[in-house]
Amino acid sequence: MNRESVTSSNIASIGYDKTSETLEIEFINGGVYQYFDVPEREYDGIMSAASHGQYLAQNIKGNYRFSKV
């Protein structure tokens, strides 16, 4: 999955696959996580958020299944 680099103290890059509705987050520490069944509006939200990490914590974590890649 192609990811776009972002400016964040915690997140290095973010990718999204529309077909599978999979959101992929690469953290600064090198960990990569995929979140499943994430609507495109959430991807748009995290990409346009003033704080990507805060958006992730408030809207993605705990709301969607995930797996470490």
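Which residue takes a positive phi in the hairpin of E2 and E3? In this predicted model, the answer is Glu21, with a phi near 55°, in a hairpin that has 4 residues between its strands. Let's start from that turn and follow the chain outward.

The two strands that flank the turn are E2, residues 11–17, and E3; they run antiparallel and are joined by 6 bridges. Across this pairing, Ile14 stands opposite Ile25 of E3. Strand E3 itself spans residues 22–27 and is mostly covered, with 5 of its 6 residues buried.

On the other side of the next turn comes strand E4, residues 32–35, which pairs with E3 in the antiparallel sense over 4 bridges. Here Glu24 stands opposite Gln34 in E4. This hairpin of E3 and E4 also has 4 residues between the strands, and in it Gly30 takes a positive phi near 100°.

Now look at what the strands pack against. The largest nonpolar core has 16 residues, and those with the most contacts inside it are Ile14, Leu23, Ile25, Tyr35, Leu56 and Ile60. Strands E2 and E3 each supply at least two residues of this core, as do helix H1 (40–48) and helix H2 (52–60). Ile14 is a handy residue to click on: leaving aside residues up to four places away in sequence, its contacts include Val6, Leu23, Ile25, Tyr43, Ile46, Met47 and His52.

The aromatic rings add another layer to the picture. There are 4 aromatic pairs in the model. Tyr16 and Tyr43 form a stacked one, at 5.0 Å centre to centre with 15° between the planes. This pair links distant parts of the chain, since Tyr16 lies in strand E2 and Tyr43 in helix H1, 27 residues apart. Both Tyr16 and Tyr43 are buried.

Tyr33 and Phe66 make a tilted pair, with 6.1 Å centre to centre and 50° between the planes. Tyr33 belongs to strand E4 and Phe66 to strand E5 (residues 66–68), so that distant parts of the chain are linked across 33 residues. Why is Tyr33 classed as partly exposed? Because its relative accessible area is 23%, and buried requires under 20%. Phe66 counts as exposed because its relative accessible area is 52%, where the cut-off is over 50%. Tyr33 and Phe66 also belong to one aromatic cluster with Phe27 and Tyr35.

Finally, a word on the annotation. The unreviewed UniProt entry places a "domain: KTSC" over residues 7–64. Across residues 7–64 the chain is 31% helix and 29% strand, and the end C-alpha atoms are 23 Å apart.

Notes: Residues numbered from 1 in each chain as written. Predicted model: local features only at pLDDT ≥ 70, side-chain atom pairs only at ≥ 80, totals over all residues. Heavy atoms only, no water. Buried < 20%, exposed > 50% of the residue type's maximum accessible area, 1.4 Å probe, protein only. Pairing = 2+ DSSP bridges. Core = buried A, V, L, I, M, F, W, Y, C linked by side-chain atoms within 4.5 Å. Contact = heavy atoms within 4.5 Å. UniProt positions renumbered as here; feature names shortened; annotations may be inferred. Phe/Tyr/Trp six-rings, centres within 6.5 Å; stacked < 30°, edge-to-face > 60°.
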